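Let's take a walk through this one together, starting from the overall layout and working down to a few backbone details. Keep the viewer open as you read.

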Amino acid sequence: MFAAENGLRGDPRLQAISEAIRVVPHFPKPGIMFQDITTLLLDPKAFKDTVDIFVDRYRDMGISVVAGVEARGFMFGPPIALAIGAKFVPLRKPRKLPGEVISEAYVLEYGTDCLEMHVGAVQPGERSLIIDDLVATGGTLSAAIRLLVYEMQICFLSRTCGG
């Protein structure tokens with residue numbers, strides 16, 4: 001769907017990227033077909049092509065924040081942020097960030113978790129791109145969106161944001 005809608009149908013990079021991703025059946029629990037991108041990271045050309053496709057798509061969209069969800073969003077987010085001229089904001093698991101943070105809990109397909117972000121990492125009016133490796137239930141993505149929107153609102157109301 002993405003490929004056809006974005007002029008990538010027939011793009012040879014997509015086949016190479018797909019082939020570079022290992023599928024691990026029944027991980028982390030029975031019935032899940034885990035798409036392991038660590039094998040993609042071992043292939044410099046496929047990794048670069050993956051980043052390039054994101055950069056081509058988002059370069060001219062006025063994005064000022066690339067938020068990466070721990071941990072795989074940390075692998076793709078920084079090179080995308082650098083290439084489009086945006087800052088990178090890590091969205092981390094609990095108690096991994098020093099200083100003042102805001103938190104957002106969410107439900108996974110096999111449990112619950114929480115994301116944290118530094119207070120003042122985003123400003124009102126900034127356009128954000130969230131990078132993660134998959135969407136299963138949408139819980140992580142929803143939590144990331146809530147963190148970014150909440151921080152922008154608090155920052156706007158308090159006018160004490162970092163930046």
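We can start at a spot on the surface: His26 counts as exposed, with a relative accessibility of 52%, just past the 50% cut-off for that label. The residue isn't a glycine, yet its phi is positive, at about 60°. To find it, look in the loop that links S1 and S2. Bear in mind throughout that this is a predicted model.

Stay in that loop for a moment, since Pro28 sits there too, between strand S1 (22-25) and S2. The peptide bond joining Phe27 and Pro28 is cis, with omega at about 5°.

Now zoom out. The protein chain has six helices and seven strands. Reading from the N terminus, the order goes α-α-β-β-α-α-β-α-β-β-β-β-α. There are 163 residues in the chain, and 35% of them are buried. As for the surface, the accessible area is about 9400 Å², and carbon and sulfur atoms hold 58% of that. How much of the contact network is long in sequence terms? If you take the contacts with a separation of 6 or more, 55% come from residues 24 or more positions apart.

What holds the middle of the largest nonpolar core? This core has 19 residues, and the ones with the most contacts inside it are Val66, Phe76, Ile80, Ile84 and Leu129. Four elements each put in at least two residues: helix H2 (12-20), helix H4 (44-58), helix H5 (73-84) and strand S7 (128-131). H4 is the top contributor here, giving five residues. The core also takes at least three residues from each of two domains, domain 1 (1-59) and domain 2 (63-162).

Val66 is a good residue to click on. Leaving aside residues up to four places away in sequence, Val66 touches Gly77, Ala81, Ile84, Ala86, Lys87, Phe88, Val89, Leu129 and Ile131. Of those neighbours, Val89 belongs to a second, separate core, which has 17 residues and also includes Leu91, Ala143 and Met152.

Next, the second largest pocket. The space in it is about 490 Å³. Which residues are closest to its centre? They are Leu108, Glu109, Tyr110, Asp133 and Leu134, out of 26 that line the pocket. Among the elements that build the lining, strand S2 (33-36), strand S5 (101-108) and helix H6 (139-158) each give at least two residues. So S2, which we met at the end of the His26 loop, turns up again in this lining.

Two more backbone oddities round off the tour. A cis peptide bond also joins Glu70 and Ala71, and omega is about 0° there. Ala71 lies in the loop between strand S3 (65-69) and H5, and H5 is one of the helices that feed the largest core. If you're planning to check backbone geometry, this bond and the one joining Phe27 and Pro28 are both cis.

The other oddity is Arg95, another residue that isn't a glycine but has a positive phi, at about 65°. Arg95 falls in the loop between strand S4 (87-91) and S5. Is the residue buried or exposed? It is exposed, with a relative accessible area of 74%.

Methods: Residues numbered from 1 in each chain as written. Predicted model: local features only at pLDDT ≥ 70, side-chain atom pairs only at ≥ 80, totals over all residues. Heavy atoms only, no water. Buried < 20%, exposed > 50% of the residue type's maximum accessible area, 1.4 Å probe, protein only. Contact = heavy atoms within 4.5 Å. Areas by Shrake-Rupley, 256 points an atom, 1.4 Å probe, with all protein chains shown as cover. Core = buried A, V, L, I, M, F, W, Y, C linked by side-chain atoms within 4.5 Å. Domains from an automatic or database assignment. 1 Å grid on protein atoms, 1.4 Å probe; cavity = no way out; pocket = protein on both sides within 12 Å on 5 of 7 lines; lining within 4 Å. Points joined across faces, edges and corners; volume = space filled by probe spheres on them.
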